[in-house]
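Good morning, colleagues. Please have the sequence and the model open in front of you as I speak. I shall begin with a single residue and then turn to helix packing and to charged pairs.

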Amino acid sequence: MLTGLLFLAMSATTSAPARADAGFDRWLAAQWPAAQAMGISRATFERETRGLEPDYSLPDLAIPGKPRKPDGQAEFVQTPAAYVSDKAIGNYAARGRKLAGQYAAELKVIERQFGVPGSVLLAIWARETAFGGAKLNHDALRVLATQAYVGRRKDDFQPEFLAALKILDEGHVTRAQMKSSWAGAMGLTQFLPTGYLTYGVDLDGDGTANIWTSVPEALAATASLLREKGWQPGKRWAYEIAVPAGFDCTQAEPDVTLTIGDWLKRGVKIADGRRVPPSAMKDKASIIMPAGPFGPAFLTPANYFVLKAYNFADLYVLYVGHLADRIEDDKPFAQGWKDIALVKTRDLEFMQKVLTREGYYAEKIDGKAGMKTRAALGTYQKANGLTLDCWPDAQVLEHMRRGG
């Protein structure tokens, strides 16, 4: 629990001498038994925690009396058209094709070992760090300690802080090299420390998995994770489709599954000219419509949801999957994105609360228009005689504000 000393320390961050945060110091010292149990040496613990201070400027902290600084994750605050930018994807695809040639031998080895195509791995690398061009300027250990101490998800970050100490103790990387995002993700393809320890791959036999400067080993770690999450070799991540006239958009959510063959029998058409092989006709798939009727729709078999293990946002999966396709065959979506606006986060939270109260929604109140939220909105629209598009627009918001 935070003490008065912590509040004093936070209010005096610009003038107080180092080590003024007694609450953080006590928390840090209390991590030693868990670190010791993981086999981390006392010397490493003392060296890496000496002078360590929290960074209260980070997003997503839960400091009593202080407003939460939102993380602004692009997948949840941009429209699909803005996030899945055709121009950006076209540029990344062109570079991705060059990198596919440069690393052809290594990618072949990785695909043989893990079953994940090189185009998918290159697309994740592009999305995560712009092929290594993104600047990761945060001290990973400081970020993880801060998030574990006062983060909104501090229970998730405490193991990550200890895993970071384990990485340093085992000599996989130096502290100076262990830079991260504001959320503690490290390396070319962005792994949290526990993920690195679980999925890191030593391709060159030097005794360590180098996700920081070795492109092949970073991509191999990503392939290792995807395989562990259930990647199906030789299967697609998704098919762009056209839904039949009158399609009920409340059916466009993960719990509604049919075989691909059955969806096609119900009038769904493959829109991008791809052929569904006979071996895939019996594969289970659901439909997603990320922008309701205002953009492309997709049949999503198992590999789509495997990609969500890397980042749970649907727009992230669409970006990565589409970029992987464009690296192999540079064709845009068959249907473009229409110009739509997102309602404010607080308005979406209000809508989710109304949907929850009326029994249409049983998920997290997070102000994000995910598939479950959109399906619930469609159910609300049907129940109230509104235009059915499963989209959080001003009409639905106003109807809810009036009390139905």
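Ala-100 counts as partly exposed, because its relative accessibility is 26%, and partly exposed covers the range between under 20% for buried and over 50% for exposed. I should say at once that this is a predicted model. Ala-100 sits in helix H7, which spans residues 86-102. Which residues does Ala-100 contact, once its neighbours within four places in sequence are left aside? They are Leu-107 and Leu-122. As for Pro-332, it is separated from Ala-100 by 232 residues in sequence, and the C-alpha to C-alpha distance is 19 Å.

Leu-122 brings us to helix H9, where it is one of the residues that meet H16. Two packed helices are described by the angle between their axes and the distance between the axes. For helix H9, residues 118-129, and helix H16, residues 314-328, the angle is about 125° and the axes are 8 Å apart. H9 is therefore oblique to H16. The crossing of H9 past H16 is right-handed. By residue class, the contact of H9 with H16 comprises 11 nonpolar residues, one polar and three charged. On the H9 side, the participants include Ser-119, Val-120, Ala-123 and Arg-127; on the H16 side, they include Tyr-316, Tyr-319, Leu-323 and Glu-328.

I turn now to charged pairs. Side chains of opposite charge can pair when their charged atoms come close. How many salt bridges does the count give? The count comes to 21 salt bridges. One salt bridge joins the side chains of Asp-325 and Arg-236, at 2.8 Å from N to O. Asp-325 belongs to helix H16, while Arg-236 is in the loop between helix H13 (215-228) and strand S3 (239-242), so this pair ties together parts that lie 89 residues apart in sequence. Are these two residues buried or exposed? Both Asp-325 and Arg-236 are buried.

Lys-308 and Asp-314 also form a salt bridge through their side chains, at 3.2 Å from N to O. Lys-308 and Asp-314 are both buried.

A further salt bridge pairs the side chains of Asp-347 and Arg-401, at 2.8 Å from N to O. This pair links distant parts of the chain, 54 residues apart: Asp-347 is in helix H17 (residues 345-357) and Arg-401 in helix H19 (residues 394-401). Asp-347 has a relative accessible area of 12% and is therefore buried.

Finally, a network of salt bridges links Arg-47, Glu-48, Asp-139 and Arg-175.

Key: Residues are numbered from 1 along each chain as its sequence is written. This is a predicted model: local features need pLDDT of at least 70, side-chain atom pairs count only at pLDDT 80 or more; totals for chains, interfaces and linings use all residues. Side-chain values use heavy atoms; hydrogens and water are left out. Axes are lines fitted to C-alpha atoms, for helices over the stretch in contact, and angles run from 0 to 180 degrees between N-to-C directions. Helices (H or I, at least four residues) and strands (E, at least two) are DSSP runs, numbered from the N terminus. Angles under 35 degrees count as roughly parallel, over 145 as roughly antiparallel, 65 to 115 as roughly perpendicular and the rest as oblique. A crossing is left-handed if the near helix is turned anticlockwise from the far one by less than a right angle, and right-handed if clockwise. Contact means heavy atoms within 4.5 Å. Ala, Val, Leu, Ile, Met, Phe, Trp, Tyr, Cys and Pro count as nonpolar, Asp, Glu, Lys and Arg as charged, and the others, Gly among them, as polar. A salt bridge is a side-chain nitrogen of Lys or Arg within 4 Å of a carboxyl oxygen of Asp or Glu. Buried means under 20% relative accessible area, exposed over 50%, partly exposed in between (1.4 Å probe, protein chains only).
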